[in-house]
Amino acid sequence: MTSGSEPNATDHPSNPGSAFQSGETKILIEQGYDKIAPAYLAWSAPRTTTTRMSYLNKLMTFLPPSAHVLELGCGAGVPCTQSLISHGMNVTGVDISAAQIALAHEHVPEATLIQADMMSLSFQPSTFDAVVAFYSIFHLPQEEQGKMIGRIQGWLKEGGWLLCNFHTDRGDNWRENWFSPGVTMFSSGLGVHGNRVMFMQDGYGLTVVEDQVAVEKVGRAEETFHWILAVKREKVEDNLHPFDRE
Ligand SMILES: C[S@@+](CC[C@H](N)C(=O)[O-])C[C@H]1O[C@@H](n2cnc3c(N)ncnc32)[C@H](O)[C@@H]1O
């Protein structure tokens with residue numbers, strides 16, 4: 001989700017009410033993407049950011065042939081799932097929205113596609129060579145984002161990779177009339193420092209090898225995201241984060 005340039009969206013200054021607990025928020029997100037899936041694809045497909053694709057291309061150079069890759073919040077599968085598949089990867093794509101999964105079936109029929117809340121997933125330890133999540137973990141409430149990182153770490157093989165991005169601002173974002181009248185969308189950020197602390201606390205088996213706050217051009221607007229590329233390494237001395245060494 002980008003924050004400032006979508007058509008017809010208005011910011012909501014704060015959480016619309018404490019009644020919105022995690023489960024209700026997830027339903028809003030699921031129903032929202034179900035409603036806007038084709039419009040979101042029509043808007044996002046021509047606006048692929050170079051940051052996302054350059055990280056994905058770099059990641060693929062680290063992966064073995066036919067690597068097993070989990071993509072969280074795969075959306076319609078365009079362009080990232082498509083790119084992974086076209087490079088011979090075995091991709092499991094997960095998305096909370098049935099409409100997004102239906103579009104992904106059209107664009108990447110070779111992928112294994114699962115409609116689910118990423119927080120409800122369960123895989124054997126050491127299943128994947130890589131986990132990718134583009135613009136999706138920030139749809140989880142803040143308290144779930146660290147739990148997700150911890151679970152991803154468990155699902156990765158030794159030497160496996162995590163590539164994902166986060167909001168740079170701290171706090172909850174509520175968007176009204178997002179892409180379509182009546183659609184309310186939620187995302188949340190811990191802030192750049194908060195993201196780093198989260199990786200230290202919850203991603204203890206991961207070594208962050210790239211940590212970049214990148215400004216991306218999305219159409220005519222500019223937006224900023226915090227990108228993390230991390231590897232699962234066993235050796236304790238490798239587990240220091242780059243910013244811990246300074
Ligand atoms: C901003 S879109 C990004 C889609 C795709 N990754 C891309 O880069 O174009 C976010 C996606 O995450 C999905 N999503 C949001 N919350 C999710 C959750 N809890 N579990 C799984 N998918 C989720 C949405 O349905 C949506 O398809």
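Me: What makes strand β8 count as largely enclosed by the rest of the structure?

Reply: In this predicted model, 6 of the 6 residues of β8, which spans residues 185-190, are buried, so the strand is largely enclosed by the rest of the structure. Burial here requires 20 or more other C-beta atoms within 10 Å, and the residues on either side of the strand meet that requirement, since M185, S187 and G189 point one way, F186, S188 and L190 point the other way, and all are buried. In a regular strand the side chains alternate between the two faces of the sheet.

Me: How do you know that β7 and β8 are paired, and in which sense do they run?

Reply: Pairing asks for at least two bridges between the strands, and 6 bridges join β7 (residues 170-176) to β8, so the criterion is satisfied, with the two strands running antiparallel. One of the facing positions is R175, which stands opposite M185 in β8.

Me: Why is F179 called buried and S66 called exposed?

Reply: F179 has 21 other C-beta atoms within 10 Å, and because the threshold for burial is 20 or more, F179 is classed as buried. S66 has 10 such atoms within 10 Å, and because a residue with 12 or fewer is exposed, S66 is placed in that class. As for their positions, F179 lies in the loop between β7 and β8, whereas S66 lies in the loop between α2 (50-62) and β2.

Me: What is notable about phi in S66 and in F179?

Reply: Phi of S66 is near 60°, a positive value in a residue other than glycine, and phi of F179, likewise a residue other than glycine, is positive at a value near 70°.

Me: What makes the peptide bond between V78 and P79 a cis one?

Reply: The bond that joins V78 and P79 has an omega of about 0° and is described as cis. P79 itself is placed in the loop between β2 (68-72) and α3 (80-86).

Me: How do you know which strands stand at the edges of the sheet?

Reply: The open sheet is formed by 7 strands in the order β4-β3-β2-β5-β6-β10-β9, with mixed pairing. Within this order β4 (112-115) and β9 (206-218) each have a single partner strand, so one side of each is left without a neighbour in the sheet, and they stand at the edges. From one strand to the next the twist averages 15°.

Me: What shows that the pairing in this sheet is mixed?

Reply: The pairing is mixed, as two of its pairs illustrate: β9 and β10 (residues 221-232) pair in the antiparallel sense over 12 bridges, while 5 bridges join β2 to β3, which run parallel. In the former pair K217 stands opposite E222 in β10, and in the latter the bridge partner of L72 is V94 in β3. The strand β2 has 4 of its 5 residues buried, so β2 too is largely enclosed by the rest of the structure.

Me: What do helices α5 and α6 touch or lie across?

Reply: Helix α5 (residues 142-155) packs on the sheet and touches β2, β5 (128-133), β6, β9 and β10, its direction making about 155° with that of β6. Helix α6 (residues 191-202) lies across β6, β9 and β10, and runs at about 15° to β10.

Me: Which residues touch the most other members of the largest nonpolar core?

Reply: That core has 61 residues, and V69, V131, V132 and L162 touch the most other members. Strand β6 (residues 156-167) gives the most to this core, with 6 residues. Leaving aside residues up to four places away in sequence, V69 touches L84, M89, N90, V91, F128, D129, A130 and V132. In soluble globular proteins, nonpolar side chains tend to be buried together.

Me: What makes up the shell around the ligand, and which element gives the most to it?

Reply: The residues of the shell divide into 12 nonpolar, 7 polar and 3 charged, and α1 gives the most, with 4 residues. Both α1 (22-44) and β3 (90-95) supply at least two residues each. Of the 22 residues around the ligand, G73, G75, M118, F134 and H139 come nearest.

Notes. Residues numbered from 1 in each chain as written. Predicted model: local features only at pLDDT ≥ 70, side-chain atom pairs only at ≥ 80, totals over all residues. Near = placed C-beta within 6 Å. Nonpolar A, V, L, I, M, F, W, Y, C, P; charged D, E, K, R; others polar. Core = buried A, V, L, I, M, F, W, Y, C linked by C-beta atoms within 7 Å. Contact = placed C-beta atoms within 7 Å. Axes fitted to C-alpha atoms, helices over the stretch in contact; angles between N-to-C directions.
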